[in-house]
Amino acid sequence: MPYPTTLSEFRTRWLPHASDTGLTRLVELLQHASPFLVHGAFERCAPTGCLATHLAWHHPVTADLTEDAGVTWLSRVAGLNPATSCVVQEWDRSGIHDWSLRSELLRLCREEVDRRADEPIEDDLPAVVCSC
């Protein structure tokens with residue numbers, strides 16, 4: 001595994017805070033090496049942004065933000081310092097052009113999607129007992 005610290009941070013600190021829609025969006029962007037997924041900046045011009053920014057735009061706490069959405073999501077939602085995040089630092093080096101990193105992040109995102117699909121759905125409705 002070429003990026004053990006980076007991938008560990010992504011799996012344990014990023015993915016648990018990603019919304020389902022944010023996770024789906026990240027899978028799409030990584031899968032297609034989308035030009036909307038940038039590196040070296042949190043955001044250039046809408047709709048381009050880095051990993052954190054795209055997750056932020058699809059999270060209920062930060063969805064209404066445009067500027068600094070990724071920074072805010074990392075610090076307030078994921079509890080990370082954007083300046084010291086291993087994921088941010090590694091992504092800023094090459095972004096979508098680092099095929100190995102992109103494929104590993106995509107693999108982790110897909111695993112998280114699968115894990116969430118296997119979780120039992122909690123029902124808020126009381127059980128109905130039929131006395132027929």
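The following dialogue examines how several descriptions of this predicted model are justified.

Biologist: What is the overall pattern of the protein chain along the sequence?

Modeller: The protein chain reads α-α-α-α-α-α. It contains six helices and zero strands. Of its 132 residues, 42% count as buried. The chain exposes about 7600 Å², of which carbon and sulfur atoms supply 54%.

Biologist: What makes Phe10 and Trp14 an aromatic pair, and why is the pair called tilted?

Modeller: Their rings are 5.7 Å apart, centre to centre, and rings pair if their centres lie within 6.5 Å. The angle between the planes is 40°. Planes under 30 degrees apart would count as stacked and those over 60 as edge-to-face, so the remaining word, tilted, applies. The structure holds two aromatic pairs, and Phe10, Trp14 and Trp73 form one aromatic cluster.

Biologist: Where do Phe10 and Trp14 lie, and are they buried or exposed?

Modeller: Both lie in helix H1, residues 4-14, and they are four residues apart, about one turn of the helix. Phe10 and Trp14 are both buried.

Biologist: Which residues is Trp14 in contact with, leaving aside its neighbours within four places in sequence?

Modeller: Among them are Leu51, Ala52, Leu55, Trp73, Leu74, Val87 and Val88. Phe10, Trp14 and Trp73 also appear, with Leu30, Leu51 and Trp91, among the residues that touch the most other members of the largest nonpolar core, a set of 33 residues. H1, H2, H3, H4 (69-77), H5 and H6 each supply at least two residues of this core.

Biologist: How do you know that the length of helix H2 agrees with its number of residues?

Modeller: Helix H2 covers residues 20-31, which is 12 residues. At 1.5 Å a residue, the expected span is 16 Å; the end C-alpha atoms are 16 Å apart, so the two values agree. Just after H2, Ala33 takes a positive phi of about 45°.

Biologist: Which residues of H2 are buried, and what do they pack against?

Modeller: The buried residues of H2 are Gly22, Leu23, Leu26, Val27, Leu29 and Leu30. They pack against H1, helix H3 (51-57), helix H5 (86-94) and H6.

Biologist: Why is Glu112 called buried?

Modeller: Its relative accessibility is 9%. The word buried applies under 20%, so Glu112 falls in that class. Glu112 lies in helix H6, residues 99-118. Leaving aside its neighbours within four places in sequence, Glu112 is in contact with Leu15 and Leu23.

Biologist: What makes the approach of the Glu112 side chain to Arg115 and Arg116 a matter of polar contacts?

Modeller: The contact joining the side chains of Glu112 and Arg115 is 2.7 Å, and the contact between the side chains of Glu112 and Arg116 is 2.8 Å. A polar contact requires N or O atoms within 3.5 Å, so both distances meet the cut-off.

Biologist: How do you know that Ser85 caps the N-terminal end of H5?

Modeller: A side-chain oxygen of Ser85 lies 3.3 Å from the backbone nitrogen of Val87. The cut-off for a polar contact is 3.5 Å, so this distance is within it. Val87 is itself one of the buried residues of H5, together with Val88, Glu90 and Trp91. The buried residues of H5 pack against H1, H2, H3, H4 and H6. Just after H5, Gly95 takes a positive phi of about 60°.

Biologist: Why do Thr53 and Gly70 count as buried?

Modeller: Thr53 has a relative accessibility of 1%, and the value for Gly70 is also 1%. Buried means under 20%, so the word applies to Thr53 and to Gly70. Thr53 is found in helix H3, while Gly70 is in helix H4.

Biologist: What does each of these two residues touch, beyond four places in sequence?

Modeller: Thr53 is in contact with Phe42, Glu43 and Gly70. Gly70 touches Phe42, Ala52, Thr53 and Ala56. In addition, Gly70 and Cys50 are 20 residues apart in sequence and 7.5 Å apart in space, C-alpha to C-alpha.

Biologist: What share of the contacts with a separation of 6 or more comes from residues 24 or more positions apart?

Modeller: Such residues account for 60% of those contacts in the protein chain.

Terms used: Residues are numbered from 1 along each chain as its sequence is written. This is a predicted model: local features need pLDDT of at least 70, side-chain atom pairs count only at pLDDT 80 or more; totals for chains, interfaces and linings use all residues. Side-chain values use heavy atoms; hydrogens and water are left out. Rings of Phe, Tyr and Trp (its six-membered ring) pair if their centres lie within 6.5 Å; planes under 30 degrees apart count as stacked, over 60 as edge-to-face and the rest as tilted. Buried means under 20% relative accessible area, exposed over 50%, partly exposed in between (1.4 Å probe, protein chains only). A polar contact is a pair of N or O atoms within 3.5 Å; within protein, one must be able to donate a hydrogen and the other to accept it, and residues adjacent in sequence count only if both atoms are side-chain atoms. Contact means heavy atoms within 4.5 Å. The expected span of a helix is 1.5 Å times one less than its number of residues. Accessible areas come from the Shrake-Rupley method with a 1.4 Å probe; for residues, only the protein chains shown count as cover. A nonpolar core is a set of buried Ala, Val, Leu, Ile, Met, Phe, Trp, Tyr and Cys residues joined through side-chain atoms within 4.5 Å.
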